Structure formats: structure tokens, C-alpha cells
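Trainee: I am new to this structure and would be grateful for a close look at a single part of it. Please choose one place where helices meet, and then set it in its surroundings.

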Amino acid sequence: MLKYFTEDELKCPSSGEVKLAEGFGEKLDQLRDTLGFPMRVNSACRSDDHVEWLLTRGYPASRHSFHLIHNSKYGTDTCAIDVHIPNSRYRFLLMGLAIKDQWTVGVAKSFLHLDRRVDYTNMDPIVYVY
């Protein structure tokens, strides 16, 4: 499938399905290659049922998330990933590379959300904080 990421890492925890938007996997592999360090996946593909499960437990999930498989609002499949951040230096390096390459970056204490909304919508890339 991809050079740096396994299907098991990317699958939805509820449905087991992996469905990436066309070209997203290649962009993800390019980012990982440029970074030169492993990227531990916290979350990638999500079904509607999994988003509902997250919301009922108080997680800051969105019903229109770019993590969604079959996102009806944006007409795309999964084009987002959450990456575990082990330390501040790693956060700095990954954020810098992602921003330079037009990824949207969501900053949380222990992870970075990265998405390619710029490729699948008319939305510009942004940086936001959880």
C-alpha cells in the first residue's frame, strides 16, 4: 500500500476499513520521507459510527472530519491523520515541514492533526489549536 504506513495503522478502529482520498497516501509518504523520522499514527480513517463513538466520550471529533471515510460534505475519503508527538523538537520539525507543504495543522498537547483539505476542497490550509 504505502511505503511508511501499514493498513493496520490507518484503518478505522470501529469498522476496520481503510479508504484514503486519491493521492493522500502519496503525500503522507512524502512528508514522512522528508521528516526522516517515524510517524506514529494515533488516528487516520474513521467511519461515521466511530465519530459518533468519539463524540459520546467527549473527544473533539467532527461529524464533517477530514478523517471520515465517505465524507459527504466534502465529497472525499480520508485525507487526515493524527500523529503522536513525543517531544517539542519533533513537533517543531513536523509542523515546519507540514506548513511548508501546505498541510493544515491542528496542534494538541500530545498529537498533531494533519490534513490535505487544500487538495480536495476550495479551503486554504490553516493552523489551529485544540
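Mentor: The account below begins with one helix pair and then turns to its setting. The model is predicted, so to speak of local features pLDDT of at least 70 is needed, side-chain atom pairs count only at pLDDT 80 or more, and totals for chains, interfaces and linings use all residues. Residues are numbered from 1 along each chain as its sequence is written, and side-chain values use heavy atoms, with hydrogens and water left out.

Two packed helices are described by the angle between their axes and the distance between the axes. Here helix H2 (residues 24–35) packs with helix H4 (residues 88–100) at about 130°, and their axes lie 10 Å apart. Helices (H or I, at least four residues) and strands (E, at least two) are DSSP runs, numbered from the N terminus. Axes are lines fitted to C-alpha atoms, for helices over the stretch in contact, and angles run from 0 to 180 degrees between N-to-C directions. H2 and H4 are therefore oblique to each other; angles under 35 degrees count as roughly parallel, over 145 as roughly antiparallel, 65 to 115 as roughly perpendicular and the rest as oblique. From H2, the residues Leu31, Thr34 and Leu35 make the contact, and from H4, Tyr90, Leu93, Leu94, Leu97 and Ala98, where contact means heavy atoms within 4.5 Å. Of these residues, seven are nonpolar, one is polar and none is charged. Ala, Val, Leu, Ile, Met, Phe, Trp, Tyr, Cys and Pro count as nonpolar, Asp, Glu, Lys and Arg as charged, and the others, Gly among them, as polar.

In the loop between H4 and S3 stands Gln102. Gln102 has a positive phi of about 70° although it is not a glycine. Most residues other than glycine have a negative phi.

Strand S3 (residues 104–107) runs antiparallel to strand S4 (residues 111–115), and four bridges join them. Within this pair, Gly106 stands opposite His113 in S4. Both strands belong to an open sheet of five strands with mixed pairing, in the order S1-S2-S4-S3-S5; two strands pair if DSSP finds at least two bridges between them. Its edge strands, S1 (41–43) and S5 (127–129), each pair on one side only.

Taken as a whole, the chain has five helices and five strands, which follow one another from the N terminus as α-α-β-α-β-α-β-β-α-β. Its C-alpha atoms fill a box of roughly 35 × 30 × 30 Å, taken along the principal axes.
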